[in-house]
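These are my notebook entries on a structure that I had not examined before. I set down what I looked up, entry by entry.

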Amino acid sequence: MALSGLDIYKLLPKTNCKKCGSPTCLAFSMKLAMKKATLDECPDISQEARKALEESSRPPIALIKFGSGENIIETGGETVLFRHEKTFYHQTAIAISVEDTLADAEFLARIKKIDQISFERVGQHITIDMIALVNKSLSGEKFLSALDKILSNSNKPVILSTPDPKTMEMALKKCADKRPLAHAASSANLKEMCAAVKPHKVPLAIKADTLEELDKLSHEAGALGMQELALDPGFENLHKSLNDLTQIRRLSLKRNWRPFGFPVIMFVKNTDKYQAVIEASVFIAKYAGIIVLDSMEDDVLLPIVTMRQNIYTDPQKPVTVEPKLYKFGSPDKNSPVMVTTNFSLTFYTVSPEIEASGQSAYLLVTDSEGMSVLTAWAAEKFTPEIISDTMKKIELENVVSHKKIIIPGYVAVLSGKLEDVSGWNVLVGPKEATGIPKYLKEVWK
Ligand code: SF4
């Protein structure tokens, strides 16, 4: 549980030496409580106090990092049970499995495809986060050879999934610098797996079929010095998994139950693709840190990544596009200019309709702090003054020669004032974006 500034103060040296840059120990303790300072800034803190403060400041769900260089994935570090309480910080990482039993050509083709999967949605570029190498052959040799192929063909972070500690150790010797996730220690191999993984300082997943067993293994792994864990509660049916995931999250957040204070990894193995989408969606919503999929077909991935994007978009920070003048087709001085707000969903609703019209056009996007047209108008973030200022800022009078601007039909009320402040002729466009092609064809001439 987080300590107050006064609780922290009691553990500090109380010499007011100022070496930390704060005038007093009390001031420093307040900064620590607000997470505006770190313990390292006080050189005189005792080991005992440091341990107590580090333990209390540890988040209820540890933040675990995989990968290296530009390919780092973070998972965990969450602080709330429900997104509306605050927000979720680290979206569920999506991995796709590759079995070491695949023939060379098929294996390489799968790696290549995983690397190339890419979706664009509301302006965000979405790719697959990780590759899970599965030791289906149970042969160390095959696993290591498959790992070599991944390492030379992809930079994505890897999940090493083998039940054999010796194979794990050999694999980690090849790629520990890329911080893979070692999966998994179980009751059958916990000590050996911890011994294989610990020297390489990479996260270890522990796997058990019941929460009681998972709790016990997590305790034991902690006692063996494993600080970075992931929890794999297995899969029996969706009902049990939903219950397991909820219990793990509740116990870690509400009871500060340290053995469960780690991200959860779930494997989606259902061969029915619709069922696989349902399972993956439930795991993302409740509250997996990593999911591993077998399927990489677009009709499976697209609903899953969309679901993830929706859940992990911070509701307090609307998704926005850059306020500026956008071009569609090859617009010239006679092309129409429409205006809208910088709420991403609005932009990506209007844009395809302009494209569908086949007409070259400009779209002026104003800064409405990410609000949609009607909301921005009601909040006075889409006013005649703001639109006019944006027009002046981008020197719209030098872009087109006709001095006509089309506003969304829902804010027709702005037209008179906008004409006054801008000196432009204001045309009222359709209320719905779907009316744009017809409007451009029949009204705009
Ligand atoms: Fe207090 Fe440590 Fe800061 Fe000195 S460096 S004032 S002992 S908190």
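**Entry 1. A term to begin with.** I call a residue buried when its relative accessible area is under 20%, exposed when that area is over 50%, and partly exposed in between. By this cut-off I enter Phe-283 as buried, because its relative accessible area is 0%. I note at the outset that the model is predicted.

**Entry 2. The whole chain.** I looked up the overall make-up next. The chain has 445 residues, and 47% of them are buried. I find 16 helices and 17 strands. Along the principal axes, the C-alpha atoms fill a box of roughly 75 × 65 × 40 Å. I also looked at contacts between residues at least 6 apart in sequence: 66% of these join residues that are at least 24 apart.

**Entry 3. Domains.** The division I have is into domain 1 (5–57), domain 2 (63–311) and domain 3 (325–442). I looked up how the second and third are placed: the centres of domain 2 and domain 3, taken over C-alpha atoms, are separated by 45 Å.

**Entry 4. Helix H4.** I checked the length of this helix against expectation. Helix H4 covers residues 104–116, and at 1.5 Å a residue its 13 residues should span 18 Å; the end C-alpha atoms are 18 Å apart, which agrees. Which residues of H4 are buried? I list Phe-107, Arg-110, Ile-111 and Ile-114. Seen down the axis of H4, the buried residues fall within an arc of 100 degrees, so they line one face of the helix. I recall the general rule that an α-helix has 3.6 residues a turn, so residues three or four places apart point the same way. On the face of H4 turned away from the buried side, I find the exposed residues Ala-105, Lys-112 and Gln-116. The packing partners of the buried residues of H4 are strand E3 (93–99), strand E6 (130–134) and helix H5 (140–153).

**Entry 5. Lys-149.** I then turned to one residue of helix H5, Lys-149. Is Lys-149 buried or exposed? I record Lys-149 as buried, because its relative accessible area is 19% and the cut-off for buried is under 20%. Leaving aside neighbours within four places in sequence, Lys-149 is in contact with Asp-104, Phe-107 and Leu-108. Of these contacts, Phe-107 already stands in my list of buried residues in H4.

**Entry 6. Helix H11.** I repeated the length check on helix H11 (residues 298–311). At 1.5 Å a residue, the 14 residues of H11 should span 20 Å, and the end C-alpha atoms are 20 Å apart, which agrees. The buried residues of H11 are Val-300, Leu-301, Ile-304, Val-305, Thr-306, Arg-308, Gln-309 and Ile-311. What covers these buried residues includes E3, strand E4 (118–121), strand E5 (124–127), H10 and E12.

**Entry 7. Aromatic pairs.** How many aromatic pairs does a search of the whole structure find? The search gives 5. One of them joins Phe-88 and Tyr-287 edge-to-face, at 6.4 Å centre to centre and with 80 degrees between the planes. This pair links distant parts of the chain, 199 residues apart: Phe-88 lies in the loop between strand E2 (71–76) and E3, and Tyr-287 in the loop between helix H10 (273–285) and strand E12 (290–293). I enter both Phe-88 and Tyr-287 as buried.

The rings of Phe-235 and Phe-283 have centres 6.1 Å apart and planes at 75 degrees, so I enter this pair as edge-to-face too. Phe-235 lies in the loop between strand E10 (229–232) and helix H9 (238–254), and Phe-283 in helix H10, so the pair ties together parts 48 residues apart in sequence. Phe-235 counts as partly exposed, at 36% relative accessibility, whereas Phe-283 is buried. I also note a cluster in which ring pairs link Phe-88, Tyr-287 and Tyr-312.

**Entry 8. Charges over rings.** I find Lys-14 over the face of Tyr-9, at 5.7 Å from the ring centre. The charged end of Lys-404 sits over the ring of Trp-444, 5.5 Å from its centre.

**Entry 9. Asn-425.** My last look-up is Asn-425, in strand E17 (residues 425–428). Asn-425 counts as partly exposed, at 35% relative accessibility. Not counting residues up to four places away in sequence, Asn-425 touches Lys-403, Lys-404, Ile-405 and Glu-419. Asn-425 and Ile-406 are 19 residues apart in sequence, and their C-alpha atoms are 8.7 Å apart in space.

Definitions and conventions
Residues numbered from 1 in each chain as written. Predicted model: local features only at pLDDT ≥ 70, side-chain atom pairs only at ≥ 80, totals over all residues. Heavy atoms only, no water. Helix = DSSP H or I, 4+ residues; strand = E, 2+ residues; numbered from the N terminus. Expected span 1.5 Å × (residues − 1). Buried < 20%, exposed > 50% of the residue type's maximum accessible area, 1.4 Å probe, protein only. Arc of directions from axis to C-beta. Contact = heavy atoms within 4.5 Å. Domains from an automatic or database assignment. Phe/Tyr/Trp six-rings, centres within 6.5 Å; stacked < 30°, edge-to-face > 60°. Lys NZ or Arg CZ within 6 Å of the ring centre and 35° of its normal.
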